[in-house]
Amino acid sequence: MSEDRRTAERVVIVGAGMAGARTAVALREEGWPGAITLLGAESHPPYDRPPLSKAVLQGGHGGDAAAGTEGGASAGAATGPAGATSLGIDFAALDVELLLGHPANALRAADRLVVAGDTVLPYDHLVIATGADPVGLPGSETSPGVHVLRTLDDAERLRPVLAAGRGIVIVGAGWIGAELTTAAREAGCPVTVVEATGRPLADALPAEVTAPMAGWYEEAGARLLTGTHVAAVESGGVLLGDGSRLRADAVVVGIGARPATGWLAGSGIELGVDGSVRADERLGTSLPDVYAVGDCASFPSARYGERLLIHHWDNAFRGPVTVAARIARRAEETPVYDPVPYFWSEQFGRFLQYAGHHSGGERLLWRGDPAGTSWSVCWLRDGVLTALLAVGRPRDLAQGRRLIERAARIDLERAADPSVPLKSAAV
């Protein structure tokens with residue numbers, strides 16, 4: 001194909017979060033000469049989401065931080081948990097067209113068109129990076145004083161509630177619920193957390209690992225109600241399944257998110273039962289020249305022998321490199337996308353990091369006392385390290401992640417000694 005033809009081609013990226021913005025940058029880094037249009041539902045230029053439940057809620061970053069797009073042309077400006085809200089990408093210098101405030105509502109694949117209201121965009125290559133939407137509860141969309149935390153505008157609406165020290169009910173004791181509880185207690189808010197299962201992080205970690213975490217809520221001065229079902233969200237509180245009510249000045253719903261793929265209905269693209277776009281091992285979809293990346297896409301992992309759907313920053317940052325290479329290199333073979341998943345959480349004065357993936361049946365091995373302030377737990381299958389959670393032990397995480405990447409076998413006795421560097425336990 002001639003360079004003139006390639007220069008005339010257009011990549012349309014739907015979704016201007018981390019995955020979409022990073023895809024645009026990665027395309028230019030790959031030398032893609034054609035047009036790039038980045039379509040975003042929000043009016044804000046692309047920004048980093050992890051600080052929303054941390055610095056933004058506590059006043060560290062506001063709307064002005066997200067509005068700036070000056071800085072280098074590299075997505076390296078996005079630094080994860082310590083990074084500012086703005087991604088610091090100069091899209092003008094990259095010759096990337098930004099169309100903000102344009103939520104996509106249809107894909108007409110036969111015509112190679114994306115529809116966003118009155119705007120219709122033709123594409124030669126399409127990247128779906130629409131992320132995920134928070135899961136709601138009955139009444140959560142219509143009752144005043146009810147919040148979710150997914151966007152910068154969500155954080156800006158919630159921040160004055162915390163600043164005023166208002167009483168808050170948080171529905172859900174998952175990762176976002178724990179971070180919200182931490183921010184609210186640091187702001188001096190009375191907090192009650194309602195969790196339908198019997199323990200925090202029930203969907204993410206086994207019971208023996210989460211056992212010490214329930215105490216973290218009490219230490220922070222928050223009330224944790226487990227095994228408690230919320231029937232509906234109301235103005236001024238929540239209605240519980242037993243008919244009783246919890247009163248609060250504000251309610252924050254943090255019970256998870258689902259892929260934002262409703263706009264793809266009727267497009268012919270293959271979706272999973274979880275609503276995710278079913279991507280292949282190089283993040284291509286069931287439609288020609290259409291790719292998917294980030295929170296909205298699942299992919300097959302040969303490493304773990306199952307399809308993964310990962311709603312974390314690292315996946316949104318790394319996946320676009322594969323997509324950009326596949327688009328720009330054409331006939332050249334591009335690497336399979338099969339990362340070791342990674343994420344972090346800052347909660348209750350602790351820094352939690354997780355690498356890998358566990359699915360049940362693995363052996364658990366502890367490094368340190370979970371009643372203490374720093375400890376780790378390893379998941380092993382047939383002696384091979386498959387996942388690791390580190391609480392206040394970043395060195396364990398860094399070494400463990402590399403061991404997982406090379407499927408290292410571990411000496412159990414040495415690994416169980418927290419004074420022994422984890423890398424020294426490899427055999």
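The paragraphs below walk through a predicted model, going from a strand to two helices, then to a pocket, and ending with some single residues.

A convenient place to begin is strand 7, which covers residues 125-128 and whose residues are all buried. His-125 and Val-127 point one way from this strand, while Leu-126 and Ile-128 point the other way. This arrangement can be set beside a general rule, namely that in a regular strand the side chains alternate between the two faces of the sheet. Strand 7 has neighbours that can be followed through its bridges. With strand 1, made of residues 10-14, strand 7 pairs in the parallel sense over 4 bridges, and in this pairing Val-11 has His-125 of strand 7 as its bridge partner. Strand 7 also runs parallel to strand 19, residues 290-292, to which 3 bridges join it, and here the bridge partner of Val-127 is Tyr-291 in strand 19.

From the strands one can turn to helix 5, which has 12 residues, numbered 175-186. At 1.5 Å a residue this helix should span 16 Å, and the 17 Å that separate its end C-alpha atoms agree with that expectation. Because 9 of its 12 residues are buried, helix 5 is largely enclosed by the rest of the structure. Among the buried residues are Trp-175, Glu-179 and Leu-180, together with Thr-181 and Thr-182. Helix 5 is followed by Gly-188, whose phi is positive, near 90°.

Helix 8, residues 313-329, can be read in a similar manner, for its 17 residues should span 24 Å at 1.5 Å a residue, and its end C-alpha atoms are 25 Å apart, which agrees. Of these 17 residues 13 are buried, so helix 8 is largely enclosed by the rest of the structure. Just after helix 8 comes Arg-330, which takes a positive phi of about 60°.

The second largest pocket offers another view of the model, with a volume of about 240 Å³. Its lining includes Pro-134, Val-135 and Gly-136, as well as Ser-140, Glu-141 and Ser-143, and among the other lining residues are Asp-154 and Arg-157. Two elements, strand 9 (146-147) and helix 4 (152-163), each supply at least two residues of this lining. Sorted by class, the lining has 4 nonpolar, 4 polar and 3 charged residues.

Some individual residues deserve a closer look, starting from the general point that most residues other than glycine have a negative phi. Leu-201 is not a glycine, and yet its phi is positive, at about 55°. This leucine, Leu-201, has its place in the loop between strand 11 (191-195) and helix 6 (207-210). With a relative accessible area of 6%, Leu-201 falls under the 20% cut-off and is therefore buried. Ala-407, likewise a residue other than glycine, has a positive phi near 50°, and Ala-407 is found in the loop between helix 9 (394-405) and helix 10 (412-415). At 47% relative accessibility, however, Ala-407 counts as partly exposed.

The cysteines complete this tour. A search of the whole structure finds 0 disulfides. Cys-189 is buried, having a relative accessible area of 0%, and Cys-378, at 2% relative accessibility, also counts as buried.

Technical notes. Residues are numbered from 1 along each chain as its sequence is written. This is a predicted model: local features need pLDDT of at least 70, side-chain atom pairs count only at pLDDT 80 or more; totals for chains, interfaces and linings use all residues. Side-chain values use heavy atoms; hydrogens and water are left out. On a 1 Å grid over the protein atoms alone, a cavity is a set of points where a 1.4 Å probe fits but cannot get out, and a pocket is an open set with protein on both sides within 12 Å along at least five of seven lines; lining residues have an atom within 4 Å of a point. Grid points are joined across faces, edges and corners, and a volume is the space filled by probe spheres set on the points. Ala, Val, Leu, Ile, Met, Phe, Trp, Tyr, Cys and Pro count as nonpolar, Asp, Glu, Lys and Arg as charged, and the others, Gly among them, as polar. The expected span of a helix is 1.5 Å times one less than its number of residues. Buried means under 20% relative accessible area, exposed over 50%, partly exposed in between (1.4 Å probe, protein chains only). Two strands pair if DSSP finds at least two bridges between them. A disulfide is a pair of cysteine sulfur atoms within 2.5 Å.
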